[in-house]
Every structure is written in C-alpha cells, then in structure tokens.
Amino acid sequence: MSRWAIAAVALGYLCLLFAVARWGDRRADAGRSVISSPAIYALSMAVYCTAWTFYGSVGRAAAGGIDFVAIYLGPTLAGVLWWHVTRKMLRISKANRITSIADFVAARYGKSPLLGGLVAVVALVVITPYIALQLKAVSASVDALAPAGSARDGWILGDTAFYVAALMAAFAILYGTRHIDATERHEGMVAAIAFESIVKLVAFLAVGLYVAFAMFDGPGEIFARAAADPAIAPLLGSAGAGGPAGWVTLVLLSMAAILFLPRQFQVAIVENVDERHLAHASWMFPLYLLLINLFVLPIALAGLLVLPAGSVDGDLFVLALPLSAGATHVALVAFVGGLAAATGMVIVETIALATMLCNDLVMPILLRSRRLGLAARADLTGLLAGIRRGSIVLVLTLGYLYFELIGGSYALVSIGLLSFAAVAQFAPTIIGGMYWRGATRLGALGGLAGGFAVWAYTLLLPAFARSGWIDAAFISEGPLGIAALRPYALFGAPLGDPLTHALFWTMVANVGLFVGLSLATRPGATERVQATRFVEAFSHEEAERAHGWGVKARVADLVALAGRFVGPERARQAFDGHARARGLDPARLERADAGIVRFAERLLAGAIGAASARVMLATAVKGEDVGLDEVMAVLDEATAVIEYSRQLEQKSSALEAASAELRAANLRLQELDRLKDEFLTTVTHELRTPLTSIRSFSEILRDNPGLQAGERGAFLDIVIAESERLTRLINQVLDLAKIEAGRYEWQIAPTDAGEAVSAAIAATSGIFAERGVALEAGIEPGLPPVLADRDQLVQVAVNLLSNAVKFSPAGTGRVAVSLRGGAGGIRLVVQDNGPGIAAEHLPLLFDKFSQFGDQRSGKPAGSGLGLAICRRIVEHLGGDIFAESPPGEGARFSVVLPYAGEVTRTPP
Amino acid sequence: MRRGERLAGLLLLAAFLFSPVAIGFFQKPALVLGAPALLLYVFCAWGVVVALLALAARGGRDEDGPP
C-alpha cells in the first residue's frame, strides 16, 4: 500500500473527526446537546484506551500473558468507587468551578498558586512524553503498513507524526478553545472523542474477528494450537512476570490513572453534563474495557503462532497479522482504529494540559506581574484564548520533539506505566484533601514533591540509564557505587519488579510527608474554609450550589445561608412567612430584594450576632468569592462556638428540668406523708369522743345498779345510739379521707337543724354529767330546714359541745347552746365559761393541730382536729364558723348555716 | 444510602475476584471449554462485576443522596 493512500485515509478520517466535532458544537449552540447521555459520557471516558491499549496490549500479552488485563481491572474497580469518590469530586468541582486537576489541588489547599503550578509542571513533564508515544505509535503503524525502506525523505515532510501533530493542534485549537467560559466544557470535542471510542472499539473487534475466524477456525483453534506449542503454552497460564505484587501494583496504578490522569479528569469531571450519568457510565465504561480486551490474547497468540518469531514487534501484531494474510483492508481498519486511539488521547490530553498551563501557571504569573497591569483589565478572554492556543501548540511541539529526539528509546516506550506511577502521586493529596479536613498546604506540597522526587529517582533516572543517557552502572551499582541507593533496590528492599518497588517508596515518601507535615502545621483561614467546602461537599452542597453562579443574591442562597445557622426547615419557614407577610408568593421568589436581605440579616443576627451576619450577608449579596474565605472562617468558628454553647445550654436545661422534677416529686411525697399522719390523728380523735360517751354511760350503769328502769333504758339507748354513731363515724372517717381526696359522697338534703343539735346534746349529755358541767339548751322551734348532711351537722355540734365541756371548769362549768333563726340563716352558738382564748390565737383556731390547751390547762387537751373538721364541714355546706372570746366571758363559737332555699354557693 | 453500601460491598467482592490470590488459582496453562482457564476466569469475574455495577446503577436510579 502506498504512503499516499494511507495518508489519504488518515486525512479522510481526521476530516470526519472535525465534522463530528463541528456537528457537536453546532448542536450545543442550538441547545440540543448530543453529549447529554450516559452512553456518550462513558464513551468519552474510553479516551483512557490510547494507542498504547490498541497496539500495546497485544504486545504485552505476547510477552506476559494475561497481565495486560490488570490495567483495565483497575478502572473497573474504580468504577465501583465512582459513586463515592468521583461523585464527590464532581460536586466539588462544579461548586468551585474547577477546570483541571491542578486547579483542584490548588483550590483544596487554600487556592495555593504554588501547588497548582507544581501539579501543572509535573503533569506537563510526565504527560508530554505520553503524547509523544501516541505520535510514535501512529508513525510506527504507517511504517508497518508501508514498509517503504527509506520512506523518510526529508526530515520533517515525510514524517506522518508531524502532520498528525499539526492536525491535532488545529483540532485542539478549534474545538478546545472555541470559547472561554466558566465551565470549560467542549461539547464538540466530547462528541468527537465518543466517536473515536466507537471507531477504535469497532476496529479492534473487526481485527479480532478477522484473525479468529478468517485466519483461524475460531478462538478455540488458536488456544488449542497455542497449548500444543511448548514455546507459547506457558503464556496461557501466565499473569505476568511481576508476580502477585506486580499484579496488585498494576491494578492500583490503573485505578489512580482513571481517577487522576489529566485527560480522565477532563472528560469525567470537567465535561460532565449531568451527575446522574456517572452511575450508568460506571458500568458502561468497564463494559467497554472488557469488550476492547476480548480479542487481545487471541491476537497475541495468533501473532506468535503465525508470524516468524522475532520478525515483528508484538506491539504491531494488530497490523501485521491481517497484512500477513493479505487483508490490506482489515489492516487499514486497524490503522484507523489505532489512529483514533492516538488522536483521541492527544486531543483531550493537550486540551487538559493547555488549560492547566494557562490557568495554573501562566495566568497566575501574568496577573502577579504589576508591569502588565492585567489585574485591572476588565476583559481578559482574548488573552486567555491566546494563551490556551499557545499552550496547545507548545504541548504538541514538545510531544513531537520528544518523539523525534528520543523516539526509539526505552524511556519513551516505558512512559505509559511511568506516567501512571507519576499520576498516582496525586492520590494522597487529592483523596486525603477530600476526606481529611486536617490536610494542609505544606503537607500537600511536601507529599507531592517527595513523591515525585522518589518517582524520578526510582523510575525516570533508571529509564534514562536504560536508554543509554546515563551510565548503566547507575542501576546495577548505585550512584557513585553506593549499593544502598540503587534505584531499583532502594536500601536493598526486596520488592520485586521496579514498578512495585517505585510505588512502595514513592508512597512512603508521599504519604509520610503529606500526613507528617499536615499534622505538624496548622492550616490558615482560607485553607480551613476550603477544607470544609471539599470535605463536606455533600452536606454543604445547597449552600455551595447557591454560591458562585449568581452575581446578585438569590432567595435560595439566603435561605441556604440562614439554614446553615438556624436549620434548613426553620429558615425556609421564616422566609416563607416573611414573604407572605409582605404579600409575595414564596414559591415564585427568585431574586432577593432589600427587604428580604434585611430580613435574612436579622434572622442570621439572631444566631451568629449582628457583625457576623452583616459580613456573611455582604458576601451572599455580592455572590463573589472576594473575601468569602475570611468570612467563612470567622463564621465556621462562630458556628463551632454556637454549637458548643447550644450543647451546654441543652445540658444545663436538661439538668434543670430533671432537678425540678425531683423537687416536685419530693414535695408530693412530703405532702402525702403529712396527709397520712393527719389522717391517723383525726381517726383516733374522732373515735375517742363516742367511745368516751359509751364508756361514761356504761360506767354509770355499772356503778349505779339501783337506777330506775326508765333511766337505765334511756342510758342504754344513748349507748346504743353512740355505738351506732361510732360505726357511722368510722365510716365517716373513711369518708373524711375521701373528702381530703375530694371523693366524699355528701348526703346533702334539707335537714332539721334543731333535731340535729338535740341529737348532739343527747350524745354529749353523758360527758356533761360526768364532768358536772351544766348545759343550757335554747333551741328555737319551727326553724326552716337547712341544706346539709345530717350526720355531718351532728358532728359539728358534737365537736363544739365536747370542745366546750372540755374547757369548762369541772363542777362550776356552764355551757349554753342556742339555735336561732336569723337574716342569713340559722345561727348555732355554743358559749362556755372557761378561760377563753387569747386574741392572738383566734385566727389560728380552726387550723389543723392548733392546740392551745397548754395555755388553759398546762397540757394539750385535744387532737386539735375537732375544730378543723368543723370548719371543713361548715364551709362545705356553704356556712360560716367563727369564735369570739371577750375577756372574762369564756369562749363563744358560732356557726351560721344558710336556709335550704338560700344556698347559692356551690360546695367546693 | 443503600446504593452506597451495595457498592462498598461490590468493591470488596471485586477486590477479591481480581486479587492475585484468586487469579493464582487459575494460573495453569490448561484449557477449559477450549479457552485458557485463566482467561475464562478473568473475563467471567470481570463480566460479573460489570453486571453487578449495572444492577446497582439501575436500582439506585431514584436515589440522589450523599453516599
């Protein structure tokens, strides 16, 4: 096949690519995005499969069996991690408008230009040779298709790689820097990359099917013949020369690569349209990897079986096999597939690197340079686009020069895995920064610098040595002959293959410095704020989402802001309430006016103080990041303090509540105890009165056997009546407990008070006779009835009479009982001629236990409950009871009870 | 929530299936069903993990919470 034909095919394919990109951009401009689908998203991620996959996997399989698969199992494992890690990276990046991996690192560690620059430089150094490798693959594939001997007429003009690089630069400039917007999305480019992914998959499957079914009788025949060949058979059960450790290293490195390679970050994070695509891409992408690797081993085995040993490099089996069978068209399909794999990688990687160079290396320097005065310029888009384009040309020129100058060296061939190992150095800084708030800028700088230094020493310098640029003794003897420093066996560690060895020592240096320095340093204000935003990307997402996109305050921002301090639910309710109070529809409020902002400020001031609220609000209203960091720091501290004091308050109020409960319980217990004592005393007192009466009459009957039958009968009647009353009393005592508890059943009925008083006089006449106290009764006949409980009324009269007789002097005592009708009701008066009651004791007379007997007789003369019970009964019946004691006239107790028709007061 | 847990479990399963120990069981140049045992195992395990990932993505379609 002529080189011209190949060139025409290649050119035709690239034109098609431009057309696809143009179509994608057109559709995006028209608002009908073609890339908004999980499948396109997954296909764009397949930019992971470069020419190194397309050609190199077969070469690797031909040398080491199945171990090439490890490089694709890592991304599959990472696919499982996407839900946790990549989704968080996505959230963080969208919230912080992050455009590259360097930006991500810089933003996390306090927007450090130094860190961003370091990552950008490292990426440039590591990835540019990788781009060169793609150019080399294209060039080699052309040479394989058209082995024209001295085909390279002229230094540059005959070189396919140059044309490819130039076209790629054009493509990247056209579709990678078309417009400079905040999101850095390039829909046309993504469409082209997805298209390329389809092309390379179809091409590889086509070659695989051709080899397996046209050249052989199915894969079974390839395997059977391979198993029969003693030189090839060991490959069938081989998982590479690295052993178990080498396998794990490959899996881990490829996991890191899929997460942190600049081109993967570009397609997975920056170009992501919808976060939900991630879930589906997380299985579609591994499926793509599985499919593209399906025929790798059969092709490798077929190549070993068919092609003369050593005549063709394993990397070129994909092209050489169809050619050997004379199928030029299949070889051409393979060539296009390889071209697609190479160009896809070059395009995305170049754009990612150019963005990084522009945003994290060139612009920070330009903006700092006062002489240029850029910071004051309003519109920098033109300059930015210029720098991007320059960066693209620079990256591709560097890539081409690498290829041209060191194209055949070991250093270039091995750059694939070398770059994976380098990219893995980002892992501790990025993963640590996303999940560990305490990671600091110095820790990140130390970790990255240490990791890259060890990487360069254990992988890059030995690669140079193997390319012949450094004395090979550097590897075998160590620098200056120091064996402990041999780059493939640092300190003599028995770590197997160089890659595993390097991964171990780079991670020791990287993680060690990262963690150690982070622990040893304190983060600054900006760092702490950024740490919170990154680590708590999910919990702060609402607030984060609200920030950044708007220029003026949105109500949603203010609600989210207030919600952080007063709780989302309360904030929402408060704002809704405020809106309704002003006659606005809360659901339709979009932009906040002055009133709402002031309301928000007040709401915030309640939680964090007026000063903080003002600063906080100022940022939300401006919606820009200027000064936000400091404000956030202040507020985060304030929040911590508020949270702490709130917890303290909660604890102390809980304690207070508990102790109040205890106090109440204690009071209740004391009251119950007192009530019990009182009840017992009352019971004994009330039982004693009728018992005394019964005893008195029984004694009279016993001591005077000569009593007349009529008198004896009357006495016995009294005894019986008193016994009955005693029984009733016992019941009543029990009832009293009910009164106390409010459960006594009063037998309230119109009652003849005269009859009740007569009954009381009869009941107490025994005591009077015993003590020799005269009783004068004056009961007005024909009194109207009172509304009362008869037994309780008798009880009142008995209590008063026995009280009077108790305090009347024995022998000369005289008690007068009178019952008269009056204006407000009937009036019962019991007058004795005892010593009377001191004036100061009168108010306390009816209280429980108010015994003043000591003043009269020198010792307690009663339980002190009789009068108290009287008052309780009288008051319950709606009457009044009081005592008078004019000096020298004894004591006079009066009870007034309303007539039955006049009771208006409801009993308590 | 559940999806995050399911995926964590799947990560453990995949880590075992892809571990050198599991791979090591099949590291002999024997043919099973006409294909090398090692190749067959690796692609089957790979397929199972992809299928489970697809199931997890489908099952969690409506969930959008933090992990």
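**A buried helix, a mixed sheet and a two-chain contact**

In helix H12 of chain A, the buried residues are Pro262(A), Arg263(A), Gln264(A), Phe265(A), Gln266(A), Val267(A), Ala268(A), Ile269(A) and Val270(A). That comes to 9 of the 9 residues of the helix, which spans residues 262-270, so H12(A) is largely enclosed by the rest of the structure. The model looked at here is a predicted one.

Elsewhere in chain A, two helices pack against each other. Helix H9 (residues 187-215) and helix H15 (residues 317-324) of chain A have their axes 10 Å apart and meet at an angle of about 40°. An angle counts as roughly parallel only under 35 degrees and as roughly perpendicular from 65 to 115, and H9(A) and H15(A) are therefore oblique to each other. The crossing of H9(A) past H15(A) is left-handed. On the H9(A) side, the residues that make the contact are Val207(A), Tyr210(A), Val211(A) and Met215(A). Their counterparts in H15(A) are Val318(A), Leu321(A) and Pro322(A). Sorted by class, this helix-helix contact has 7 nonpolar residues, with no polar and no charged ones. As background on the spacing, an α-helix has 3.6 residues a turn, so residues three or four places apart point the same way.

Turning to the strands, chain A has an open sheet of 5 strands, ordered E2-E4-E5-E7-E6, and the pairing is mixed. Strand E2 (774-779) and E6 of chain A sit at the edges with a single partner strand each, so one side of each has no neighbour in the sheet. Ignoring direction, neighbouring strands of this sheet are turned by 10° against each other on average.

Strand E7 (residues 892-897) of chain A has partners to describe in turn. With strand E5 (residues 826-831) of chain A, E7(A) runs antiparallel, and 6 bridges join the two. Among the bridge partners here, Val829(A) goes with Ser894(A) of E7(A), and Val830(A) goes with Phe893(A) of E7(A). With strand E6 (residues 880-884) of chain A, E7(A) again pairs in the antiparallel sense, over 5 bridges. In that pairing, Glu884(A) has Arg892(A) of E7(A) as its bridge partner. The side chains of E7(A) alternate along the strand. Phe893(A), Val895(A) and Leu897(A) point to one face and are buried. Arg892(A), Ser894(A) and Val896(A) point to the other face and are not buried. Put together with the bridges, Phe893(A) is a buried residue that is partnered with Val830(A), while Ser894(A) is not buried and is partnered with Val829(A).

That leaves chain B. Its secondary structure comes to 3 helices and 2 strands, and from the N terminus on the elements run α-α-β-β-α. Of the 67 residues in chain B, 24% are buried.

The contact between the chains takes 33 residues from chain B and 34 residues from chain A. On the side of chain B that touches chain A, the elements giving two or more residues are helix H1 (2-17), helix H2 (20-24), strand E2 (35-36) and helix H3 (37-59) of chain B. H3(B) supplies the largest share of that side, 11 residues. By class, the residues of chain B on this side divide into 25 nonpolar, 6 polar and 2 charged.

Conventions: Residues numbered from 1 in each chain as written. Chains lettered and ligands numbered in written order. Predicted model: local features only at pLDDT ≥ 70, side-chain atom pairs only at ≥ 80, totals over all residues. Axes fitted to C-alpha atoms, helices over the stretch in contact; angles between N-to-C directions. Helix = DSSP H or I, 4+ residues; strand = E, 2+ residues; numbered from the N terminus. Parallel < 35°, antiparallel > 145°, perpendicular 65-115°, else oblique. Left-handed = near helix turned anticlockwise from the far one by under 90°. Contact = placed C-beta atoms within 7 Å. Nonpolar A, V, L, I, M, F, W, Y, C, P; charged D, E, K, R; others polar. Buried ≥ 20, exposed ≤ 12 C-beta atoms within 10 Å, placed from the backbone. Pairing = 2+ DSSP bridges.
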